[in-house]
Structures are given as structure tokens and as C-alpha cells.
Amino acid sequence: MKIALIGYGKMGRMIEEIALQRGHEIVCKIDVSNPQDFDSPEFASADVAIEFTNPTAAYGNYLKAFKHNVKIVSGSTGWMKDHKSEVEALTKDGKQTLFWASNFSIGVAIFSAVNRYLAKIMNNFPQYDVEMEETHHIHKLDAPSGTAITLAEEVIDNLDRKTEWVKGFQHNADGTEEGSNEVAENQLAIASIRRDEVPGIHSISYDSEADKITITHDAHSRKGFALGAVLAAEYTKEHTGLLTTSDLFKF
């Protein structure tokens, strides 16, 4: 498979390493220094482009790829609030193809399934209140993380007593703190911690007077995300439309 990389930072380099190990070819690498290469024949030859950039650039990158009918796999978060409807329209009926996930880790896909199942159980036990915490490296721009938002939305879909998520306590990269987990009964607080070079930790806790139940996913490195992105690219090559990890991982 021919792969183009959009964003050539730590994630891009790790994706390249794993893609080559799996027998794929990297035909184009685009970063801030060479955006003109979106219009190159090398980029247009790609079966799939894998995009890991930032919330402000992601949607524009999708449009540039779609211009050449190149399928996209993207792990960029923070863009959906402003552009979800446009992307849904562009990918409707398989006109263009975007595989988007807030997190490509196989472990997170399993964790997500456990999260949904636990929320369904807890729907019958109102004495437990739920809150979330995510911790990431100091370079991460968005908070809460896209993965935390996805997990929170899964809880809300399965827990009748929660109707929306809100930002909770925030420990910022510069050491300042703000916010609180003291929120309305119908709200799910997401605390965000930015420290060191943490790849990503997500915890969901159900607390009562009697006891507390917590599930946690703790990434040791970015390798799991990179492998998942390449697996998603392999899947995307053969499929069309708006895709996500629930299409790739059937559990």
C-alpha cells in the first residue's frame, strides 16, 4: 500500500517505522515546511494519507487530500466541534473517505468497550457518581483530550443520570490550576492534567459512600497509537465513507 504522511513529528516517524515494517511504501511526507506537496503527483498516488497534526490544521488538510481523492486516516482532535457537519457531508455515500478516531490504540478500543459495558451496569446503581481524569504531556494543545471526550460521550449514552460532560479540574502545562470537579448532578466532569512527557492516561471512576470502582488505560508509549493508525489505513484502503474504530474493531 502507498501511504502519505501528513505531519512528520514523533507520531509521524513512528507510523512510518511501523508501516515500513508491515511492507508498505511511504510515497510522500508533508509537514509545515512543504505544504505545496499536497499538489504533488507523489501525494496523489497515495492509497491512504495518515494525518496527525493539530486542531487548527486538520480540517484544511482533509480538504486538500479530498481535492485529490486521497483517503484519509486522522488522529487529530479538536476540529469536530466546528467542522463535524461539513465532514459528514463530504463523506456521505462514500464520496470521500475519512477514518477518524480520537485514539487508535488497540488497548483503548478494548478499554472503550469495557467503559460502555460498565456504564450500562451502573445505570442501575444511582448511588455511584461518575467522573473522569485524563493526563497527557505538556505539549498537548487541547483539553480535555479527544479520547476523554469520546469516553465521556459513551458514558452519557449509557447512563441516564448524566446528560453532558464539562471541563473539571485543570492542571495546565505551566503549572497553573483552574476549574473544579464540583458540578451539577447531570454533568460528567473531566479533569485534565498536563505534565512531563506522559503519552496518555485515562481513568473513569464510580464513587459511592461504600466504595469506589476505577478503570484506567495507561499508555506506555505512542507505539500502540501508531500501530492502530496503520491498521486503520489498511482497513480504509478497502472501505469508503466516514469510518471509525468501531468499524475496525468489532466488539
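How many aromatic pairs does a search of the whole structure find? The search turns up six, and two of them make good landmarks for a walk through this model, which is a predicted one.

Let's begin with the parallel sheet. Six strands make up this open sheet, in the order β2-β1-β3-β4-β5-β12, and their pairing is parallel. At its edges are β2 (25-30) and β12 (242-243), each of which pairs on one side only. Look next at β4 and β5, which run parallel and are joined by three bridges. Ile-72 has Leu-98 in β5 as its bridge partner. Helix α7 lies across β3, β4, β5 and β12, and it runs at about 155 degrees to β4.

From here we can turn to the packing. In soluble globular proteins, nonpolar side chains tend to be buried together. The largest nonpolar core in this model has 25 residues, and those with the most contacts inside it are Ile-15, Ile-50, Val-73, Phe-99 and Phe-104. Two or more residues of this core come from each of β1 (2-6), α1 (10-21), β3 (48-51) and α7 (223-236). Of these, α7 gives the most, with seven residues. Ile-15 is a nice place to zoom in: leaving aside neighbours within four places in sequence, Ile-15 is in contact with Leu-5, Ile-50, Phe-52, Ala-226, Ala-229 and Val-230. There is also a second, separate core of 20 residues, which includes Phe-43, Phe-66, Val-70 and Trp-100.

Now back to the aromatic pairs, of which the search found six. One of them is formed by Trp-79 and Trp-100, whose rings meet edge-to-face, 5.8 Å centre to centre with 85 degrees between the planes. This pair links distant parts of the chain: Trp-79 sits in the loop between β4 (71-74) and α4 (80-91), while Trp-100 belongs to strand β5 (residues 98-100), 21 residues apart. Both Trp-79 and Trp-100 are buried.

The other landmark is the pair of Phe-99 and Tyr-235. Why does this pair count as edge-to-face? The ring centres of Phe-99 and Tyr-235 are 6.3 Å apart and the planes stand at 80 degrees, so the pair is edge-to-face, because planes over 60 degrees apart are classed that way. Phe-99 lies in strand β5 and Tyr-235 in helix α7, 136 residues apart, so to speak of a link between distant parts of the chain is apt here too. Phe-99 and Tyr-235 are both buried. They also belong to one aromatic cluster, together with Phe-52 and Phe-104.

Let's move on to the other sheet. It is open and has six strands, in the order β8-β7-β9-β6-β10-β11, with mixed pairing. Its edge strands, each pairing on one side only, are β8 (177-178) and β11 (212-218). Strand β6 (residues 129-136) and strand β9 (residues 187-194) run parallel and are joined by five bridges. Within this pairing, His-136 stands opposite Arg-194 in β9. A helix packs here as well: α5 (residues 106-122) lies across β10 (201-207) and β11, running at about 165 degrees to β11.

Finally, a word on annotation. An unreviewed UniProt entry lists residues 1-104 as "domain: Dihydrodipicolinate reductase N-terminal". In the model, this span is 37% helix and 21% strand, and its end C-alpha atoms lie 19 Å apart.

Note on methods: Residues numbered from 1 in each chain as written. Predicted model: local features only at pLDDT ≥ 70, side-chain atom pairs only at ≥ 80, totals over all residues. Heavy atoms only, no water. UniProt positions renumbered as here; feature names shortened; annotations may be inferred. Helix = DSSP H or I, 4+ residues; strand = E, 2+ residues; numbered from the N terminus. Pairing = 2+ DSSP bridges. Contact = heavy atoms within 4.5 Å. Axes fitted to C-alpha atoms, helices over the stretch in contact; angles between N-to-C directions. Core = buried A, V, L, I, M, F, W, Y, C linked by side-chain atoms within 4.5 Å. Buried < 20%, exposed > 50% of the residue type's maximum accessible area, 1.4 Å probe, protein only. Phe/Tyr/Trp six-rings, centres within 6.5 Å; stacked < 30°, edge-to-face > 60°.
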